[in-house]
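Here's a set of exercises to work through with the model open in your viewer. Try each task before you read its solution.

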Amino acid sequence: MSRARIDRLCRRRDVPLREKTLWRMLYESASRASAVLALNIEDLDLPNKQARVTIKGGDTMWITWGTGTAHLLPRLIAGRERGSLLLSASRPGPHRRATPPRDLCPETGRARLGYDRAWILLSQYGDGLGLHQLRHGAATHLGDANTSTNNATATPGRWVPDSGSSPAGRGRVSG
């Protein structure tokens, strides 16, 4: 998969902002789709281009992203201060099973975007791309640039353990 293909996908005018933001964040952060879909606005550290996520086993980690995601996030959030980052297009109807309160936006009443719907939307717009491919695109491009394995795992977009220190000392490596 080429970087140009990802850029073209995220720049298409017929693709909604929510999808562009999700796909760009998956690509730039090399994070699991489930971790990004679980993000709440309160988890974001926009100035430092990072977010706190809970991974399997309950550990807290930090993901980072690049400029493309940083430009899209404020438009996506649009003044909301809390709740799910990536919301469904509409409120859950009465025919749907009960949505856990943590997955409902307290400001809009809309539910969190689910993995299955995110997968369907990428297959609709992405010409065969999968969520997993977006995640691994960054690692592939680092390898193509002859970045060593040690440097590749220390670049923005890779998992960075939460050190428990102040926001400036979270262990995020600039790059």
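Let's fix one term before we start: a residue is buried under 20% relative accessible area, exposed over 50% and partly exposed in between, using a 1.4 Å probe and protein chains only. This is a predicted model, so local features need pLDDT of at least 70 and side-chain atom pairs count only at pLDDT 80 or more, while totals for chains, interfaces and linings use all residues. Numbering runs from 1 along each chain as its sequence is written, and side-chain values use heavy atoms, with hydrogens and water left out.

**Exercise 1. Sketch the fold.**

Task: work out how many helices and strands the protein has, and in what pattern they follow each other.

Solution:
- Take helices (H or I, at least four residues) and strands (E, at least two) as DSSP runs, numbered from the N terminus.
- That yields seven helices and four strands.
- Along the sequence they read α-α-α-β-β-β-α-α-α-α-β.
- Now the burial: 41% of the 175 residues count as buried.
- For contacts (heavy atoms within 4.5 Å), take pairs at least 6 apart in sequence; 58% of these join residues at least 24 apart.

**Exercise 2. Follow the strand pairing.**

Task: find which strands pair with β2, and in which sense.

Solution:
- Two strands pair if DSSP finds at least two bridges between them.
- Strand β1 (residues 44-45) meets β2 in the antiparallel sense, over two bridges.
- Strand β2 (residues 50-54) also runs antiparallel to β3, with five bridges.
- A51 appears on both sides: L44 stands opposite A51, and the bridge partner of A51 in β3 is I63.
- R52 has W62 as its bridge partner in β3.
- Check the turns too. The β1-β2 hairpin has four residues between the strands, and K49 takes a positive phi near 55° there. In the β2-β3 hairpin, with five residues between the strands, G57 has a positive phi near 90°.
- Finally, β3 (residues 60-64) has four of its five residues buried, so the strand is largely enclosed by the rest of the structure.

**Exercise 3. Go through the salt bridges.**

Task: count the salt bridges, then say whether D43 is buried or exposed.

Solution:
- Look for a side-chain nitrogen of Lys or Arg within 4 Å of a carboxyl oxygen of Asp or Glu.
- The structure holds four such salt bridges.
- One of them joins R24 and D7, at 2.9 Å from N to O. R24 lies in helix α2 (residues 17-29) and D7 in helix α1 (residues 3-11), so the pair ties together parts that are 17 residues apart in sequence. Both R24 and D7 are buried.
- Another links R12 with D14, whose closest N and O atoms are 2.6 Å apart. R12 is partly exposed at 28% relative accessible area, and D14 is partly exposed at 45%.
- D43 and R52 also meet, at 3.4 Å from N to O. D43 is buried, with a relative accessible area of 16%, while R52 is partly exposed at 33%.

**Exercise 4. Unpack the core.**

Task: identify which element gives the most to the largest nonpolar core.

Solution:
- Collect buried Ala, Val, Leu, Ile, Met, Phe, Trp, Tyr and Cys residues joined through side-chain atoms within 4.5 Å.
- The largest such core has 34 residues, and those with the most contacts inside it are L22, W23, V36, L39, L85 and L86.
- α2 gives the most, with five residues.
- As background, nonpolar side chains tend to be buried together in soluble globular proteins.
- For a close look at L86, set aside neighbours within four places in sequence: its contacts include L22, V36, L76 and L113.

**Exercise 5. Zoom in on α2.**

Task: find how α2's span compares with the expected one, and what T21 touches.

Solution:
- The expected span is 1.5 Å times one less than the number of residues.
- α2 has 13 residues and reaches 18 Å from first C-alpha to last, close to the 18 Å expected.
- Twelve of those 13 residues are buried, which leaves α2 mostly covered.
- T21 sits in this helix and is buried, with a relative accessible area of 1%.
- Beyond residues up to four places away in sequence, T21 touches L72, L73 and L76.
- The C-alpha atoms of T21 and H71 are 9.1 Å apart, although 50 residues separate the two along the chain.
- Just after α2, A30 takes a positive phi of about 55°.
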